[in-house]
Every structure is written in C-alpha cells, then in structure tokens.
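User: Hello! I am new to this structure and would like a close look at one part of it, the backbone spots with unusual geometry. Could you walk me through them and show me where they sit?

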Amino acid sequence: MLSTTPPTDLDDAARAVLRRNDRGGFTVPNGRVYPFQWNWDSAFVALGFATFDLDRAWRELETLFEGQWQDGMVPHIVFRAPAEGYYPGPEAWGIQRQPLTSGISQPPVAATAARVLHDLSAGDAARIRSLFPKLFASHRWWHEIRDPDGTGLVTMVHPWESGRDNSPDWDEPLRHVVPSVDVAHLRKDLGHVDATQRPTHDFYNRVMTLVEEAKALAWDGVSVARTLSFRVCDLGIQSILLRADRDLLKLAEELGFTAEASALRDWIARSETAMQRLKGTDGLYRSLDLRSGQLSEAVTCAAFLPLYARTASQKDAQALKEYLAATRAVAGFSIASTDPRDPRFDATRYWRGPVWLMMNRVIADGLSGYGLTEEADTLRADSGELVRRNGFWEYFDPRDGAGCGGPDFSWTAAMWLSWCG
Ligand code: 9YW
C-alpha cells in the first residue's frame, strides 16, 4: 500500500538505506556483505521502493530479469558490476553470459511483487505487459525444467536456491553430498560478520561441491535437475511458486494472455494436489528429500508457507496457530526460523533460529488469508518493534531482538516501508 501518513524519522532512514544500496536500477542487499543483485531480495525491495518511487520499483524487477537465462531461469545472483568482498563470485560459477550470473535460482517472489506494482500503476499496463512474458518463462522453467516428470513438486538442487541457506531442513539431504572441494580459505563473509552468525566451513564445502557437479554438466537445466546429488522439494519454493502462479494468473486474465492463463491453471491444479505429499503425520508441512523420499524432520518457518500459497485447509491453519503460540512462549520474537524447542535451533546462526522480516511478512499474509488476523498483527508488531529497537539488520535474535548479520539491509528497510513501519 502506498503510505499516506506523514514520514517519521525511521521512514526517512529506511528510504536512505534503499537509496544508499541503489547501484543504478538495481539494489544490493548490503554493500559490504552482498555487493550484487539478489533475486528474491529485489522482489521484496521493489515493494519498498513502490511506497515512494514506483518507477524505481519497476526498474528493480526489470534489471533482475536482464539476468534471465534463455531457458527461463532467473538466477539467484546477477553480478552486474565487479565488486570485492563476496565469495562465490562470478568466476566460481563459470558461466559465460552477460550480465554475469550464478547458475541457480531463488524463491520466485517476482510475479507477486509485479502484481502489487501493477495494482499501484493506475491503469498504465505498459510495464507489466513487457515484463509478463519474462515472468511466465520463469514459471515455466520451474514447472517444466525443475519438474521434468510433471509430478507437481519442483526440485531445488542447492540449499542457496531456498534462500534459507543453512536451514536444518537441508542437514539430512546435504549429508549425502560428498565434499570434493575445500573452500574455507576462499570465504569472505567471515571478514564482515561474526562466524557464530554464519554457516560452517563444512556447509560451504558441500554446497560448492554441488556447484562443481553442475559445472561438469555445463549447467544443462534438465540434467542438473535430474542428477545433482542434492535434490529436494523445498516447501518454501513450492509454496511461493504456487502463490506467484496465482498472482500471475490474475495478471494473465486481466491482460488477455489466454494460453498462458490456461498453462498456469494446469500448473496450479497439479501443485495443489502434489502439496499433500508434503504433510507430516503431525499435520504440519515439510520439505521432501526427493532422493530418499523422506520428509524433513525439522519444523521451520517454511511450515507456515502453505497458508501464503492458499493451499492449506482451515484445519492446517489451526495447527499452525497452535504451533505459533507454542514457539512464541519459548522464543520472545516471532517467527524463529527453526522451532526453538528443536535441538538444531541456534538463535543467531542465520537460518537455524533468527527472525527474518520478509519471512514474517509472507507468513502474516498467509495467516490473514485464513482469518488469523490477531496472529498476523502480532508478527507485524514484532517486526516493527525489532526495527524500532535495533535498526534495519539482516536478521534478528528471537530471544532479545538483537540485530545480526549485516546492518542497513535493503529488504529489512523495504519491509519497514511497505508493511511493518
Ligand atoms: C549467501 C542476500 C541473500 C539472501 C538469502 C540469504 C543470503 C547469500 O543472503 O544468502 O551467500 O549465503 O540466505 O536468502 O537472498 O540477502
């Protein structure tokens, strides 16, 4: 929503964060830790820009899609300009195209963001008309290249694709990736952020082994999807894609893209049916290791995303309401990225415990979609309070709200402007 209230100092500060991280049409998540353009960050950042500069918001999505591959994939990083301070940079991915990119994707939030921008565009459909075919190609990539047998469950081949890099959801599937490289000495993140807040060396060795496997396949999409030694249906990507399919379908219907609308309806129906395979015996959804057929043991913040996808039942929503109350009683601020009662919970280590504001936003959207407005308001209040107390940190310790990771983070500022401020 466009803000109509007078700006407060924090609004000004949030806008200043976005302006500072703006590199000319694209935004870096944080100039020191992440000095390139990231996929789902840009989609969330566009929502922040939309509150004060709609043209700039569209640019964020347009520049992201300049990195799109021929086969439709939107890479997780677009290396638009050389920058120091991040590993793995373009040379580690070995991809020859311009602009330089990584070889994997990230949760497809872009169509949902584009729908918001279009709704704010007062009947001017020029921007969405030119972006629509690219958005559609990216959804087709997920549904066809990353689901080559048409099962309705899409495959992720690398933990970074989930955007929840070191979540306990990936512990078990990553055990089967035999490290063939040692990259500890190449890491640059530990120069910027405390090691206790970052993934381990062992994690980096395994995930860079996956990059080597894909390079050996010359990054061929279907071969990668069928043969990498990490193949998981991430509940996050699956749910975010389903929600984005619904948003793209609305756009297709409005703009008269009839063939695309029909394909989207088929993909939605297929995904809705397949999602049932992700439900555990306790009624909570999980990610599925497609190699072993095992559901993840951990319950993480992704468990709420079937609400955001609008594919959960009212009974599922009640189970999540109870889960939220129980975890809230243990960890002060919601939503901890891993169940704080789980031994794998680690309050400051990235996706193993901390609270992330853009996750809170999509989860709150899901909760309100099921009438759980009190719970949605609680998440919004927690998120606002974290920023008010500590600023625009990358993520926050759920116990005391301390800011972690990098400061002046773009998506946190964008969430403040567009949602919790
Ligand atoms: C990395 C940029 C990205 C986010 C991811 C987050 C982290 C990059 O930063 O990944 O090198 O680990 O996990 O969700 O898009 O903000």
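Analyst: Let's start with a definition that will help along the way: a residue is called buried if 20 or more other C-beta atoms lie within 10 Å of its own, exposed if 12 or fewer do, and partly exposed in between. Please also keep in mind that this is a predicted model.

With that cut-off in hand, look at Asp408. Its phi is near 50 degrees, which is a positive value in a residue other than glycine. You will find Asp408 in the loop between β7 (403-404) and α17 (410-420). Because 21 other C-beta atoms lie within 10 Å, Asp408 is buried.

Arg310 makes a good companion to it. Arg310 is not a glycine, yet has a positive phi of about 60 degrees. The loop that holds Arg310 runs between α13 (305-308) and α14. Here the count is 16 other C-beta atoms within 10 Å, so Arg310 is partly exposed. Why do these angles deserve a second look? Most residues other than glycine have a negative phi, and most peptide bonds are trans.

That brings us to the peptide bonds. Tyr87 and Pro88 are joined by a cis peptide bond, with omega at about 5 degrees. To locate Pro88, go to the loop between β2 (77-79) and α4 (90-93). A cis bond also links Ser334 to Ile335, where omega is about -5 degrees. Ile335 belongs to the loop between α14 (314-330) and α15 (357-369).

Now let's step back and place these loops in the whole protein. Its secondary structure amounts to 17 helices and seven strands. The C-alpha trace spans about 55 × 50 × 50 Å along its principal axes. For 421 residues, a compact globule would have a radius of gyration near 22 Å, and the 20 Å of this protein agrees with that. Buried residues account for 55% of the 421; Asp408 is one of the buried residues. Contacts also reach far along the chain: among those between residues at least 6 apart in sequence, 70% join residues at least 24 apart.

One more place is worth a visit while you are here, the surroundings of the ligand. Which residues surround the ligand? They are Pro29, Tyr34, Trp38, Trp40, Asp41, Gly163 and Asp165. By type, this shell divides into four nonpolar residues, one polar and two charged.

Terms used:
Residues are numbered from 1 along each chain as its sequence is written. This is a predicted model: local features need pLDDT of at least 70, side-chain atom pairs count only at pLDDT 80 or more; totals for chains, interfaces and linings use all residues. Helices (H or I, at least four residues) and strands (E, at least two) are DSSP runs, numbered from the N terminus. The radius of gyration is taken over C-alpha atoms; the globule rule is 2.2 Å times the number of residues to the power 0.38. Two residues are in contact if their C-beta atoms, placed from the backbone, lie within 7 Å. A residue is near a molecule or strand if its C-beta atom, placed from the backbone, lies within 6 Å of it. Ala, Val, Leu, Ile, Met, Phe, Trp, Tyr, Cys and Pro count as nonpolar, Asp, Glu, Lys and Arg as charged, and the others, Gly among them, as polar.
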